Amino acid sequence: MTSALRPWQAIVLHESDTVATALVELHHQDSALVSNGDLVEVVQDIPFGYKFALCAIARGDTVIKYGVPIGFATQAIRPGELVHTHNLESLQVIGDQK
Amino acid sequence: MRGYKRADGRIGIRNHVAVVYTVECARFVAECIVHENPGSELWGFAGCYSDPYAFRMLVELGQHPNVAAVLLVSLGCESTDLVRLAESIRDAGKRVEVITIQEVGGTLRSLASGTDIVRSMQVEAEQAPQVPITWADLIVGIECGGSDATSGLSANPTTGWAVDQLLQYGATVIFSEIPELLGTDPYLLARARDEVVRQKIGDALDRARVLGNALNHFAISVGNQSGGLTTIEEKSLGALAKAGTQSIDGVLKTAERPTRGGLYLLDKVGDVGGNQLTHYEINDNDGLVSLIASGAHLLVFTTGRGSVVGSAIAPVIKICGNPETCRRMVDDIDVDAHGIIEGTATIEQVGNVLLENIQRLAGGHLSKSERLGHKEYCIPYKPGRACDVS
């Protein structure tokens with residue numbers, strides 16, 4: 001899992017982000033070094049380019065990347081858990097459809 | 001860099017002779033004429049029933065400074081107003097000829113006549129005056145397609161860095177895809193040059209949001225999601241990075257051209273108040289055509305999952321930061337930005353490579369899609385509201 005070219009395996013883009021993006025494929029129980037210095041044990045496989053939680057995220061909480069909300073959690077998310085379409089939804093839906 | 005000075009004063013970086021069909025029924029004959037005349041280009045509109053958007057696209061592409069002369073190939077009974085189309089393109093001061101297949105007398109006579117015309121247009125085009133051009137003469141269109149999680153980390157911010165440089169050099173840059181900017185509202189609005197621009201951006205975002213909800217579809221594809229992007233907001237934030245950091249100087253309507261240098265946002269969302277709601281853009285080629293119709297001489301196309309598209313009218317440069325895609329699609333990717341993901345290159349280093357590519361392209365060098373023979377275009381129906389054509 002280690003990348004020979006840079007010390008970290010995942011990148012965060014803003015200090016307030018609650019997710020990191022995997023720059024290499026990560027496997028269950030890998031301890032991923034994140035570009036902000038965090039060391040996060042991933043609790044499942046994280047494919048290249050996919051996101052995992054840096055902290056616990058409650059159901060209904062906004063998920064932050066690039067320092068801004070990219071959606072809300074549709075279920076509770078543990079640190080190190082994959083964050084994708086199964087637990088994150090857009091905030092752009094208007095009214096009843098949300 | 002050098003270009004071709006046209007009669008209307010505009011400068012092109014290619015010298016195309018175009019064969020343009022005005023209905024699907026005329027397309028095969030038009031294709032045969034192009035086949036007989038290597039170097040000529042083909043595009044057209046398939047519809048028999050006239051459409052204001054399609055008509056305007058045919059006018060703008062015909063008038064485009066990358067085009068030296070135009071042969072229109074009509075069947076003869078389609079409803080597009082051929083005389084008005086020819087006259088509108090001629091307003092740019094270039095040669096426009098018309099072949100009506102029913103009048104000329106079928107396939108063989110149309111092919112013979114069309115071939116003679118295109119050959120003479122090609123000879124004339126070689127005489128087009130060439131002039132040195134500067135960055136201030138260039139209009140660069142920016143498009144993304146096949147985005148994935150690497151796009152917002154590598155190809156898009158690199159393009160954004162280059163866009164900031166281009167603006168500093170005095171070039172004009174156009175970006176579009178407003179439905180793919182939803183969720184970036186505060187950032188985008190804060191970049192408006194003035195209150196008028198700010199209101200236009202806000203209005204466009206509101207219409208894009210209404211459209212996305214009405215169609216129950218936001219501009220995020222299955223492929224984007226397979227590539228690690230989850231929501232439209234996440235895709236949008238990455239997409240906005242390709243527009244750099246400078247003020248947005250104006251908002252263009254469909255087929256509207258920038259009047260001076262600067263950074264422009266093309267709004268082709270259109271009116272969403274009517275009954276006929278369709279996708280604002282049906283694919284990336286449609287997006288490229290609309291940037292070209294607003295005057296883009298060349299296009300920078302950012303991708304993550306990979307794309308092969310080019311254009312019949314304006315050269316396309318592709319930039320990609322996904323290491324696996326760069327390896328697999330090396331023949332198609334002009335600028336390899338994967339070093340940014342792997343930590344072996346900086347955005348500035350790759351951005352400089354992109355600028356060199358743009359400069360070479362504007363000097364006549366061919367992009368990879370041009371060398372591979374890509375000649376895409378896409379002019380669909382945009383019923384009713386789709387694009388409130390200016």
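Trainee: Before we start, what counts as a salt bridge here?
Mentor: A side-chain nitrogen of Lys or Arg that sits within 4 Å of a carboxyl oxygen of Asp or Glu. Keep in mind that this is a predicted model.

Trainee: Okay, so how many salt bridges are there between domain 1 of chain B and domain 2 of chain B?
Mentor: The count there is two. R257(B), for instance, pairs with E60(B), and their closest N and O atoms are 3.1 Å apart.

Trainee: And polar contacts between those two domains, how many residue pairs?
Mentor: For domain 1 and domain 2 of chain B the count is 14 residue pairs, with both residues at pLDDT 80 or more.

Trainee: Which elements on the domain 1 side touch domain 2?
Mentor: Those giving two or more residues are β2 (11-12), β4 (41-44) and α2 (52-63) of chain B. The largest share, six residues, comes from α2(B).

Trainee: What's the mix of residue classes on that side?
Mentor: The side of domain 1 of chain B that touches domain 2 has nine nonpolar, six charged and five polar residues.

Trainee: Let me back up. Where do the domains of chain B run?
Mentor: The domain assignment puts domain 1 at 2-129 and domain 2 at 135-371. Domain 1 of chain B brings 20 residues to the contact, and domain 2 brings 26 residues.

Trainee: How far apart are their C-alpha centres?
Mentor: For these two domains of chain B, 28 Å.

Trainee: Last one: how much area do they bury between them?
Mentor: Domain 1 and domain 2 of chain B bury about 1700 Å², with 55% of that on carbon and sulfur atoms.

Definitions and conventions:
Residues numbered from 1 in each chain as written. Chains lettered and ligands numbered in written order. Predicted model: local features only at pLDDT ≥ 70, side-chain atom pairs only at ≥ 80, totals over all residues. Heavy atoms only, no water. Domains from an automatic or database assignment. Contact = heavy atoms within 4.5 Å. Buried area = accessible area lost by both parts, 1.4 Å probe. Polar contact = N/O pair within 3.5 Å; in protein donor to acceptor, adjacent residues only side chain to side chain. Helix = DSSP H or I, 4+ residues; strand = E, 2+ residues; numbered from the N terminus. Nonpolar A, V, L, I, M, F, W, Y, C, P; charged D, E, K, R; others polar.
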